Amino acid sequence: MNVELTTDISAEDLTIISELYLNSFPAEERRPWEAIASPAAGKRPELFAVIADGRLAGMLTLWTFDRFAYVEHLAIDPSLRGRGVGSAAMRKLIEKTGRKPIVLEIEPPVAERPETVRRRDFYRALGFETIDTGYIQPPYTPDLPSVHLHLMATTILPAGSTARTLHSEVYGKKD
């Protein structure tokens, strides 16, 4: 399967991506869509369409900092999950970022929710390691709660300074 990442996204595909995004993440784990898709939003992640064999297959949002890149969201069309599309997209991203470490957040893996264990194992198979199990994601908006997550990265980074960068740059939380 040929998988590509592109920022050249048609209006039609942008609509499909927004639906995938809204259906893939709980409200407390997603930024308002306009803050991703609107050029007027100011500081925002780079939005990539995941294309598999010429077809829209998913989406990925990426922040790039001096010391690392941060994958804020990765979602693959449910009909294509388990077919290697997500792995291929992440390998393309790792190739794109070169030697720069990649960081991401995941839900704590717990046996009662097997999808959380599968997600952790998915990233481990791509070379990610857990760097912080006590990480708290600040709320995206004041009406949403903070979320306990784990940080994973392709290279072990200092958890404290990595979390501070995410809190400040991604979530706009000023200490």
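## Close-up views of a predicted model

**View 1. Meet Thr61, a residue of strand 3.** This is a predicted model, and Thr61 makes a handy way into it. Is Thr61 buried or exposed? With a relative accessibility of 0%, under the 20% cut-off, Thr61 counts as buried. Leave out residues up to four places away in sequence, and Thr61 still touches Ile36, Pro45, Glu46, Leu47, Tyr70, Val71, Glu72 and His73. Leu47, one of those contacts, is also tied to Thr61 as its bridge partner.

**View 2. Strand 3 and the strands it pairs with, strand 2 and strand 4.** Strand 3 is largely enclosed by the rest of the structure, because eight of its ten residues are buried. It pairs with strand 2 in the antiparallel sense, over seven bridges. The hairpin of these two strands has two residues between them, and Asp53 takes a positive phi near 50° there. Strand 3 also runs antiparallel to strand 4, and seven bridges join them. In this pairing, Met59 has Ala75 of strand 4 as its bridge partner. Strand 3 and strand 4 make a hairpin too, with four residues between them.

**View 3. The whole sheet, an open one of seven strands.** Read across the sheet and the strands come in the order 1-2-3-4-5-7-6, with mixed pairing. Which strands sit at the edges? Strand 1 (3–6) and strand 6 (129–137) do, each pairing on one side only. From one strand to the next, the twist averages 30°. Over at strand 6, the pairing with strand 7 (residues 147–153) is antiparallel and takes six bridges. Gln137 stands opposite Val147 of strand 7.

**View 4. Two helices, helix 1 and helix 4, packed on the sheet.** Helix 1 (residues 11–24) touches strand 2 (46–52), strand 3 (55–64) and strand 4 (69–76). Its direction makes about 70° with that of strand 3. Helix 4 (residues 114–125) touches strand 4, strand 5 (102–106) and strand 7. Here the angle is about 170°, taken between the directions of helix 4 and strand 5.

**View 5. The largest nonpolar core, with its 25 residues.** Which residues touch the most other members? They are Val71, Met90 and Tyr123. Strand 1, strand 2, strand 3, strand 4, helix 3 (85–97) and strand 5 each supply at least two residues of this core. Helix 3 gives the most, with five. Look at Val71 and, setting aside neighbours within four places in sequence, you'll find contacts with Leu60, Thr61, Leu62, Met90, Leu93, Ile102, Val103 and Leu104. Apart from this core lies another, of 18 residues, including Phe68, Val103, Ala163 and Tyr171.

**View 6. The largest pocket, holding about 790 Å³ of space.** This pocket is lined by 33 residues, and the closest to its centre are Phe25, Leu74, Ala75, Arg119 and Tyr123. Two of these names have come up already: Ala75 is the bridge partner of Met59, and Tyr123 belongs to the largest nonpolar core. Strand 4, helix 3, strand 5 and helix 4 are the elements that give two or more residues to the lining. Which element supplies the largest share? That is strand 4, with seven residues.

How values were computed: Residues numbered from 1 in each chain as written. Predicted model: local features only at pLDDT ≥ 70, side-chain atom pairs only at ≥ 80, totals over all residues. Heavy atoms only, no water. Pairing = 2+ DSSP bridges. Axes fitted to C-alpha atoms, helices over the stretch in contact; angles between N-to-C directions. Contact = heavy atoms within 4.5 Å. Core = buried A, V, L, I, M, F, W, Y, C linked by side-chain atoms within 4.5 Å. Buried < 20%, exposed > 50% of the residue type's maximum accessible area, 1.4 Å probe, protein only. 1 Å grid on protein atoms, 1.4 Å probe; cavity = no way out; pocket = protein on both sides within 12 Å on 5 of 7 lines; lining within 4 Å. Points joined across faces, edges and corners; volume = space filled by probe spheres on them.
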